[in-house]
Each structure stands twice: as structure tokens, then as C-alpha cells.
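Colleague: I would like to learn how to read the cavities of a model. Please start with the lining.

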Amino acid sequence: MFDKDFIFGAATAAYQIEGSIDADFKCESIWDRFTKKKENIIDGSDGSVVCDSYRKYKDDVAILHDLGVDAYRFSIAWTRVINEHNEPNLNGINYYVNLCKELINNNIRPIVTLYHWDMPQFLDDLGGFLNDDIVNYFEKYTDIVTKSLNGLVKDYITINEPQCIMFMGHDACMFAPGTKYNDKEMLKAIHNLLKCHGVATKVIRKNVPNSTVGFAPCSRPLVPSYNDKLLEEKCYDKYFTLDRSFEYSNSVSIYSDPIFLGDYPKNYYTDFKDVLPEITKEDLELISQPIDYIYQNIYSGNYYSLDKNSNLVKNDFYAGYPTGNIDWLQVVPQALYYGPKYLYQRYKKPIIISENGFCNVDFISLDGKVHDPQRIDYVNRYLAELEKISKEVPIKGYLYWSLFDNFEWNSGLSKRFGLVYIDYSNGNRIKKDSFYEYKKIIKNRGL
Ligand code: GBH
């Protein structure tokens, strides 16, 4: 059982569900551009229809209402809110106003992500996060959103998974815009991204009474494979250690230390001595304004042990180890115990799991239903760990990813994470077995 005020919810993101990518003078985003090159996406698909949520938002809310969630996390498409001249687009804004009203009428609290990866193409053409002006653009965008949704939305997440934006978008280049940065560019872009977070926080505080603000990175916690104090300490240290690769596993502190502790980790300044961006005291003050929650997307982890010399070693997953239908998704439930534990230890703020979910091979059975026992198993195992750590650190919520099967970035429509199955041949929505399981969990306020 979780506290009475614990927030159970589900999450989505604009480009992954909305469709209607040309409706109401929406401008082009980097994902609209990226998906035009069919070879960028495994199945050649794009976000032009997906769940059709731009037109079916009332149906979306009815599904959320049936699920019984306290909150719905969705993102706003920057490209609907402004036009190519960086002026407000009222048609696009109205969509979100209507969605929020519908949610509130159904007693569901909107949690709004400002940036879930769909930058306006014209801003990428101007240099994206490498252009110092991006901070002013993000400030204006946030100002328009918060004023338009005033009285409807209190809870904001500034940026989703900065690691994916930078690493997938500009190093592995598997996500939009797919342009490679060298180390110097990478650090400058990361710094500007953090300033975008800071400036958005400032605008939210100014425009929204009683607001809550957060930032939602992802991480892959290191899990001690047996109980041992030294082992756990070493796992903790490595989780926060920054090294010169921008891979996810090494990127917790580069984003979260400046926000929560007011500066980059110490070795940032020495290891990157040759490629440092300009960092001022004012920048760090902007970035580190107090925020309310540690949001974190956690799906998987790795087990570690100590060798004879007490060195940390990663344990391989044996063949046949429980894994989702996507290569990185090993089932490591204790990630939801140790992740929050480490994060709280270092940053000392209440925690909300902003994403956790399972990718399954889902299909419609002969009985017309979608049976997904592995997803049910995943949610139960992970929530049990979260419940356990909630006795030790303040855990305020859990948002399942995702409400719907949707456009899984470079995997297109081929990967399904939803509680609700989308039949892409006709747009039908079918509640999976896991939908009813999660509904039961929410009703019982826990397992
Ligand atoms: C999230 O990250 C996204 O926010 C969401 O849009 C997406 O649909 C969802 O997850 C499901 O993929 O070292 O274990 O972290 C997507 C990208 C996948 C995050 C790969 C980092 C790297 C492996 N993520 N993951 S891990």
C-alpha cells in the first residue's frame, strides 16, 4: 500500500500519439523531418496518425477515467503552440486547453512535459541547443504555455530524458535530428539545455500559483546482486560517476548535479578541461533554482558484484534472462528500489517515477482480447520494489509508460508499451489484460 496522496498515473508524449501532424497550421518538427527519410525508422512508419489523439482526445480521457488514474502525463508539441515566426498559434494551443479541461472534468490531474523531443525544425536550422538563443525561444514558449493553461495546470516537467536528446540525437544519431556533435559541442548543448530548464522554471514560478516543477532524466541503476555495504557504496558511486562517454549509464550527475547541487561534478572541470563551455555564476544560479521533485524514468538496470579484490564487476545476463521485446529492457525490478534510494541520498527531494513500463509482443487473440501476462508480471515486480523503498524515502508517484501503444521513435510502430492496444489497421483501441490489472492496483492503492 502506498500513501493516500500517492499519484498513480500513465504517460504519453505528443509526437508519439497525436497524429494530425499538419493540422491547424502546426509547424514542422525535427521528428516530422527525420521520419521523412524512411531508412531512419525500422518499419518506415511516422507519427502522422498513430493513436489519432489529436482528434480523439475525449476518447483518451474516457479511457484514463476508466483506468482510474490520479494523473495523466502528456507532452505539449512546441510546434503546435508557435508558428514559424515564433508567434502563438491559438488553434494548436486550444487543443491543449480542451484536453486539460476534459481531464479536470474527469478529476484527472494534468502533468505537462514541455519538451519531449519535438523541436521546431526552424529552431534546429538555427543550431538547436548549440544556439545560445534557444534559451530565449524556450522562455517564450514556456510563457505562452503557462499563460494559456493558467488555472488548468499546476505540475510541469521541463525536459524529458536529456540523455536521449543529446546521446541519441547527436552522438549515436539514431534519433532526430541525427547530427553528430563533437565533445565541445556536446558540452555546450548540454549547458544550454540546462539553461532552458532553468529559464522555464523561472517562468513557471512567475506565471503559475502553487506550481510544481521537475526535470525527467532517465537512468539505469546499478543493483547490488547481494546484500553488502561496500558493494552498495560502489554501485552508488558508479551511478553518479561522470566519464567521458555520453552514454546513459554515465550521465546522471552531468544533468542532475547542476540542477540539485548547483554545479557540475568536480571531475567535469578536469576531465573536459580542453572542451569546456563558458559557464557563469549566473548560469548556475538559473539552472539550480529549487524544484519540487526528482522525476526519473527507470525501466531496467544491471546487477553488480565485487571480485576478489573488491572491484566492482558487472554481471552478464544469462541467455534466456527475462527481457522485453526491445534489446535494452531486461527485467530488473530492484532498479525501482536502488534508483530512488541513490537519488534521494544525493539530491534529497521527493521522487516521482515519471516512466516505467514494458515492451511486449502483443497481438489480438482469437477471443478478441490482448493477453499480456509478462507486462502484468513486470508491473507487479517493479511496484513491489517501489513500495519497499517508499518506506525509506519519499516516493510520491508512479506513471506507467505508456497509456497506449505508440510511435516508439526509431522503432516506429513495431514496439508496443501500452496498457491499451492500438490496431493500426483500423484505429481500434483494445484494453489489454494489463489495463485491468493496473486498474485493480490503483483501486487498491497498491499491490
Ligand atoms: C523513454 O526513453 C522515452 O521517454 C519514451 O518516449 C519512450 O517511448 C520510452 O522510454 C520507451 O522506450 O541504459 O536501460 O536506459 C526511450 C529511450 C531507451 C532510454 C533506451 C534509454 C537506454 C537503455 N530509452 N534507454 S538504458
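Colleague: Which element gives the most to the lining of the largest cavity?

Modeller: Helix H8 does, with three residues. Helices here are DSSP runs of H or I with at least four residues, strands are E runs of at least two, and both are numbered from the N terminus. This is a predicted model, where local features need pLDDT of at least 70, side-chain atom pairs count only at pLDDT 80 or more, and totals for chains, interfaces and linings use all residues. Residues are numbered from 1 along each chain as its sequence is written, and side-chain values use heavy atoms, with hydrogens and water left out.

Colleague: How many cavities are found in the whole structure?

Modeller: Rolling a probe the size of a water molecule over the atoms shows where empty space is left. A cavity is a set of points, on a 1 Å grid over the protein atoms alone, where a 1.4 Å probe fits but cannot get out; lining residues have an atom within 4 Å of a point. Points are joined across faces, edges and corners, and the volume is the space filled by probe spheres set on them. The search finds five cavities of 30 Å³ or more. The largest holds about 100 Å³. Its lining has 15 residues, and Ile-30, Tyr-115, Ile-165, Ala-176 and Pro-177 are the closest to its centre. Helix H2 (30–36) and helix H8 (162–170) each give two or more residues to that lining.

Colleague: What classes of residue make up the lining of the largest cavity?

Modeller: Ala, Val, Leu, Ile, Met, Phe, Trp, Tyr, Cys and Pro count as nonpolar, Asp, Glu, Lys and Arg as charged, and the others, Gly among them, as polar. The lining has 12 nonpolar, two polar and one charged residues.

How values were computed. On a 1 Å grid over the protein atoms alone, a cavity is a set of points where a 1.4 Å probe fits but cannot get out, and a pocket is an open set with protein on both sides within 12 Å along at least five of seven lines; lining residues have an atom within 4 Å of a point.
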